[in-house]
Amino acid sequence: GSVAAGGLWDLAGGDAGDAVSGDALGTVGEAVLCAPVLSPDGRLVGLLQALGNLKGGAGAAFDQEDEENAASLARHLAGLVGTCAELRRREAEAALHQVFARSLPELCGELDPHRQLRLMAEAVCAALGAAHCTPYLVDPASGELCTRADGLRRDLRLPAGRGAAGRAAATGRVVRIDDARDGDASERSEPDESGRIGLVMRSILSCPMIGSGGVVVGVLQAFHAAACAFTESHEDLLRLYARVAAVAVENRQILSRQCGGALWSLPADGDVAWLRAAMCSGAQELLHSDCAVMFVLNVAGDRLISLAPPGSEGNVECR
């Protein structure tokens with residue numbers, strides 16, 4: 001503790017309180033030499049400590065040369081500690097990139113807009129350690145930001161320029177709020193967002209999804225319950241993912257227009273069950289309904305039989 005406060009420390013014949021350094025190692029030292037390990041900007045990152053004149057040993061007291069050697073070694077250790085820290089940071093960053101990379105095939109192959117948004121939210125939460133993520137898409141007609149929340153039959157709409165997400169869409173730049181409880185920041189955050197997701201969120205990170213021609217096609221907004229949870233590294237990572245997500249959104253929009261807006265997904269196993277699901281999904285999307293079921297007339301012409309979606313218990317018949 002003295003070294004952390006005052007630098008190099010050489011103690012000979014210390015009292016019982018100073019001898020605790022040796023006790024921690026199971027020995028008692030009559031001489032202690034400590035040198036601080038400082039980062040290039042002067043921050044304490046470690047401590048080098050040597051014990052001399054151990055009871056039962058033949059050690060000698062430390063001299064001026066030992067002090068100089070300890071200081072020199074501490075400087076070299078500082079570089080090593082910094083290198084190790086940088087390697088750990090890069091490994092952690094690479095792991096986060098892998099989280100996004102593993103999600104890209106499914107994201108780019110998904111043609112259902114709501115499932116695509118859910119994939120984005122899951123990837124962002126996993127990579128950034130966020131408690132919640134709300135992806136928005138821009139409505140080209142109104143300029144509003146739209147998203148679909150679980151349990152709601154209609155899209156949630158956010159006016160252009162409102163809140164952190166609206167500001168990100170309007171400016172095309174990342175908006176980071178370290179503490180939404182601050183007075184200045186409260187006007188930039190969504191006042192009803194915490195209530196809707198059932199959590200109190202203090203950190204907000206909103207990143208625009210910029211597509212071809214520099215057009216903003218959506219916004220990824222991440223939340224965290226702690227203040228100052230997001231850093232510049234998180235901004236860079238989310239910005240990188242947002243660029244890829246924008247490409248996936250534009251590709252899905254192009255394919256959806258070519259398919260007439262009805263087919264949202266392709267068969268994964270060759271089964272025709274996907275077609276029933278696609279028809280119901282397309283009708284549900286067009287009608288903004290909670291559920292859509294298609295009935296067909298049987299051969300005798302006296303009953304209607306529902307085409308049960310995959311995973312349901314079975315078909316439903318009625319006269």
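**Stop 1: helix α4**

Select α4 and check its length: its 16 residues should span 22 Å at 1.5 Å a residue, and the end C-alpha atoms are indeed 22 Å apart. Keep in mind throughout that this is a predicted model.

Now colour the buried positions of α4. They are Pro113, His114, Gln116, Leu117, Leu119, Met120, Ala121, Ala123, Val124, Ala127 and Leu128. Go to the start of the helix. There, a side-chain oxygen of Asp112 comes to within 2.9 Å of the backbone nitrogen of His114. Then jump past the other end. Gly129, just after α4, has a positive phi of about 70°.

**Stop 2: the loop before α4**

Select Glu110, in the loop between α3 and α4. Is Glu110 buried or exposed? It counts as buried, because its relative accessibility is 11%, and the cut-off for buried is under 20%. Show its side chain. One of its polar atoms lies 2.9 Å from the backbone nitrogen of Asp112. Asp112 is also the residue whose side-chain oxygen reaches towards His114.

**Stop 3: helix α3**

Step back along the chain to α3, residues 64-109. This helix has 46 residues and reaches 69 Å from first C-alpha to last, close to the expected 68 Å. Start at its N-terminal end. Asp63 caps α3 there, with a side-chain oxygen 3.2 Å from the backbone nitrogen of Glu65.

Follow the helix to Ser103. Here α3 bends by about 35°. A proline, Pro105, follows within four residues. Ser103 is also one of the buried residues of α3. Highlight the others: Glu67, Ala70, Ala74, Ala78, Val99, Phe100 and Leu107.

**Stop 4: the nonpolar cores**

Which residues touch the most other members of the largest nonpolar core? Select Met120, Val124, Leu128, Met209, Leu220 and Tyr241. The core has 29 residues in total. At least two residues of it come from each of α3, α4, β4, β8, β9 and α8. To find the less familiar elements, select 132-138 for β4, 203-210 for β8, 216-224 for β9 and 232-258 for α8.

Zoom in on Leu128. Setting aside neighbours within four places in sequence, its contacts are Leu205, Ala222, Phe230, His234, Leu237 and Leu238. Next, look for a second, separate core of 15 residues. Its members include Leu145, Ala165, Val216 and Val219.

**Stop 5: Ser206**

Select Ser206, in strand β8. Its relative accessible area is 0%, so Ser206 is buried. What does its side chain meet? It makes a polar contact of 2.5 Å with the side chain of Gln221. Now show everything around Ser206, leaving out neighbours within four places in sequence. Its contacts are Ala164, Ala165, Ala168, Arg173, Val174, Val175, Val219, Leu220 and Gln221. Two of these names are familiar: Leu220 from the largest core and Val219 from the second one.

**Stop 6: Cys228**

Move to Cys228, in the loop between β9 and α8. Cys228 counts as exposed, because its relative accessibility is 54%. Check its backbone too. Phi is near 55°, a positive value in a residue other than glycine. Most residues other than glycine have a negative phi.

**Last stop: the whole chain**

Zoom out. The chain holds nine helices and twelve strands. Of its 319 residues, 34% count as buried. Among contacts with a separation of 6 or more, 53% join residues 24 or more positions apart. Finally, show the surface. The chain exposes about 17,900 Å², with carbon and sulfur atoms supplying 55% of it.

Methods:
Residues numbered from 1 in each chain as written. Predicted model: local features only at pLDDT ≥ 70, side-chain atom pairs only at ≥ 80, totals over all residues. Heavy atoms only, no water. Expected span 1.5 Å × (residues − 1). Bend = angle between axes of the 7 residues up to and from the residue. Buried < 20%, exposed > 50% of the residue type's maximum accessible area, 1.4 Å probe, protein only. Polar contact = N/O pair within 3.5 Å; in protein donor to acceptor, adjacent residues only side chain to side chain. Core = buried A, V, L, I, M, F, W, Y, C linked by side-chain atoms within 4.5 Å. Contact = heavy atoms within 4.5 Å. Areas by Shrake-Rupley, 256 points an atom, 1.4 Å probe, with all protein chains shown as cover.
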